[in-house]
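These are my notebook entries on a structure that is new to me. I set down each item in the order in which I looked it up.

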Amino acid sequence: MNRENLKTITLAILVCCSVFFTYNLWTFKPNYDFVQSSQYLENEPISNEKKEPYHVIRPYQMFVQDHSNHYGTFQAKEINSLWDELKRWDINEVKNVSNRYSSAKLNDWINGNSETKKIELVFSDKIPFEIFQSLFQYKSQKTIYSSFDRIVMPFGKENQQQKIMFVSYEQRLVYEATISDVNAKNFVASVIEKKENLDPYVSMNLLEDKAMLLPEGNIQMDQTKYITDSIDGEDFKQALFNNPSYVRREMKPTQNIYTDGTSLLTIYPSQEKLRFVNPTIDPSMFIERGKAMKQSIEFLNNHGGWTDDYQFYNMDSDSQLVSFRLMVNLFPVFEDITNTFGPAEISMRWGNNEIATYLRPLFELDIPIGQNAVKMANGKEVIALLKQEKNLELKDVKRVFPAYEMSATAEPRIVTLKPSWYVETESGHFSKLESRNETLGGNSDGLE
């Protein structure tokens, strides 16, 4: 009996243990918060630099009009001075005043054919009013479903507050607000008063119904060589994947591939570029322009992607591709398509709140090692260059601007930045204006 009782007690204990462990197995909940926290801590940003929208959304050109006299500049010093001052002003409620401007009147006002005094800041692409509140001291909760590509500050009457206008030249829209700061009017007056410090400009007709402001004389830029630094692809593995320790690497002759089973990071060492893709995200989903711009800036902040001076340059409405272009002294940089060193822009495409594709350079400009002054073609010569372009319809010209063309050299890790005039078409295509006349551009490399 004692042996039978012992067997019964032992069996009962084993059954109880089995029930206990089965219950714990069924009801076990892992500590996901700890796992997520550990994954987050494994991310290592490329750099510690973070930027606000104000730092990367900036005008590229400034004009001053004093009745029939026009002045302009692309110089960072002059533009940044006004931009930094504008950020400190309190801007009151914005209202739509487009009905005051017929199409012809708006053309004359913007292209300098009206007898007015004003300052104008021009952007490379449309800026949504959604971004507006993060750029300026504007506290209104009113939502404006529109955008602007230039800011105009007219010189008004002495007893009036300073006005500021937000203009969408493409959409033919004009919004007006007043500036509460009493110093704003004096600052605008002082900029207009010092107009002779800028380059003289003239309004020129490209077509009978298409005019643009271009420099009267030859503006000057510097041609510069730079030593470049390469960014290790492993750094981006640590920065972009949620858990880098789970990432597998595959080495190929022309590329290195990293994947965690969902996202794919491809490094192209010889092309100085990378491509990060999450194929599970649908990039065709519509995303508002302002939201895409904000998310792109936050994305670059989160992994330290600001490795050079990159600024918002354009967003393709069809592909919803947001682009930040490499800038040198506020001049945009474009890669030489025949002698490419690497890309000169960072671009992102979103699927709602998730990054779908991310393309960028794998280098940064380091030390300038030589400069040569270059005289650029003047306005008349630019018009002549435009008319020489066989593959360009003049009616499709949106704007003309100076920029740098970045080319590889025979020396490893050294690039040349050569000044050139570029043209943007209405479809968003950028191309360099080629000189076919030695009197327009000096010798083949643009030096005088």
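**Entry 1. A serine in a helix.** I began with serine 296, which is buried at a relative accessible area of 0%. I located serine 296 in helix α9, residues 289-303. I then listed what serine 296 touches, leaving out residues up to four places away in sequence, and found Val322, Phe324, Met348 and Trp350.

**Entry 2. Confidence.** I noted that the model is a predicted one. For the protein chain I read a mean pLDDT of 87, with 87% of the residues at 70 or more. I marked residues 28-41, where the pLDDT is below 50 and the stretch has three contacts beyond near neighbours in sequence. I also marked residues 437-448, again with pLDDT below 50, although this stretch has 19 contacts beyond near neighbours in sequence.

**Entry 3. Aromatic pairs.** I searched the whole structure and obtained 33 aromatic pairs. I examined phenylalanine 123 and phenylalanine 148, whose ring centres are 5.9 Å apart; their planes stand at 75°, so I recorded the pair as edge-to-face. Phenylalanine 123 belongs to strand β4 and phenylalanine 148 to strand β5, so this pair ties together parts 25 residues apart in sequence. I checked burial and found phenylalanine 123 and phenylalanine 148 both buried.

I next examined phenylalanine 312 and phenylalanine 324, with ring centres 6.1 Å apart and planes at 75°, so this pair is edge-to-face too. Phenylalanine 312 is in strand β15 (residues 310-316) and phenylalanine 324 in strand β16 (residues 321-328), and the pair links distant parts of the chain, twelve residues apart. I asked myself whether phenylalanine 312 is buried or exposed. At 5% relative accessibility, phenylalanine 312 counts as buried, because the limit for that term is under 20%. Phenylalanine 324 is buried as well, at 1%.

I also traced one aromatic cluster, formed by Tyr54, Trp83, Phe123, Phe129, Phe132, Phe136, Phe148, Phe166 and Tyr175.

**Entry 4. Charges over rings.** I found the charged end of lysine 273 over the ring of tyrosine 268, 5.3 Å from the ring centre. I found the charged end of arginine 399 over the ring of tyrosine 60, 4.7 Å from the ring centre.

**Entry 5. Nonpolar cores.** I asked which residues have the most contacts inside the largest nonpolar core. They are Ile151, Met153, Phe166, Phe324, Tyr358 and Leu386, in a core of 115 residues. Strand β21 (residues 397-408) gives the largest share of this core, seven residues. I followed tyrosine 358 further: leaving aside neighbours within four places in sequence, its contacts include Phe236, Leu240, Phe276, Phe299, His303 and Ile346. Another core lies apart from the largest one; it has nine residues, among them Val97, Tyr101, Ile110 and Val167.

**Entry 6. Helix α5.** I looked at helix α5, residues 103-110, and found Leu106, Trp109 and Ile110 buried. They cover an arc of only 90° around the axis, which means that they lie on the same side of α5. I asked what the buried residues of α5 pack against. Their partners are the strands β1 (61-66), β4 (117-128), β5 (147-154), β6 (162-168), β7 (173-179) and β9 (210-215). Just after α5 I noted glycine 112, with a positive phi of about 80°.

**Entry 7. Positive phi outside glycine.** I kept in mind that most residues other than glycine have a negative phi. Histidine 67 is not a glycine, yet its phi is positive, about 60°. I placed histidine 67 in the loop between β1 and β2 (69-73), and recorded it as partly exposed, with a relative accessible area of 38%. Glutamate 272 likewise has a positive phi, near 55°. I placed glutamate 272 in the loop between β13 (264-268) and β14 (273-277). At 7% relative accessibility, glutamate 272 counts as buried.

**Entry 8. An exposed lysine.** I closed with lysine 380, which lies in helix α10, residues 379-388. Lysine 380 is exposed, with a relative accessible area of 66%. I asked how far apart the C-alpha atoms of lysine 380 and methionine 204 are. They are separated by 8.0 Å, although the two residues stand 176 residues apart along the chain.

Notes:
Residues are numbered from 1 along each chain as its sequence is written. This is a predicted model: local features need pLDDT of at least 70, side-chain atom pairs count only at pLDDT 80 or more; totals for chains, interfaces and linings use all residues. Side-chain values use heavy atoms; hydrogens and water are left out. Buried means under 20% relative accessible area, exposed over 50%, partly exposed in between (1.4 Å probe, protein chains only). Helices (H or I, at least four residues) and strands (E, at least two) are DSSP runs, numbered from the N terminus. The arc is that of the directions from the helix axis to the C-beta atoms. Contact means heavy atoms within 4.5 Å. Rings of Phe, Tyr and Trp (its six-membered ring) pair if their centres lie within 6.5 Å; planes under 30 degrees apart count as stacked, over 60 as edge-to-face and the rest as tilted. A charge sits over a ring if NZ of Lys or CZ of Arg is within 6 Å of the ring centre and within 35 degrees of the ring normal. A nonpolar core is a set of buried Ala, Val, Leu, Ile, Met, Phe, Trp, Tyr and Cys residues joined through side-chain atoms within 4.5 Å. pLDDT is the predictor's confidence in each residue, from 0 to 100.
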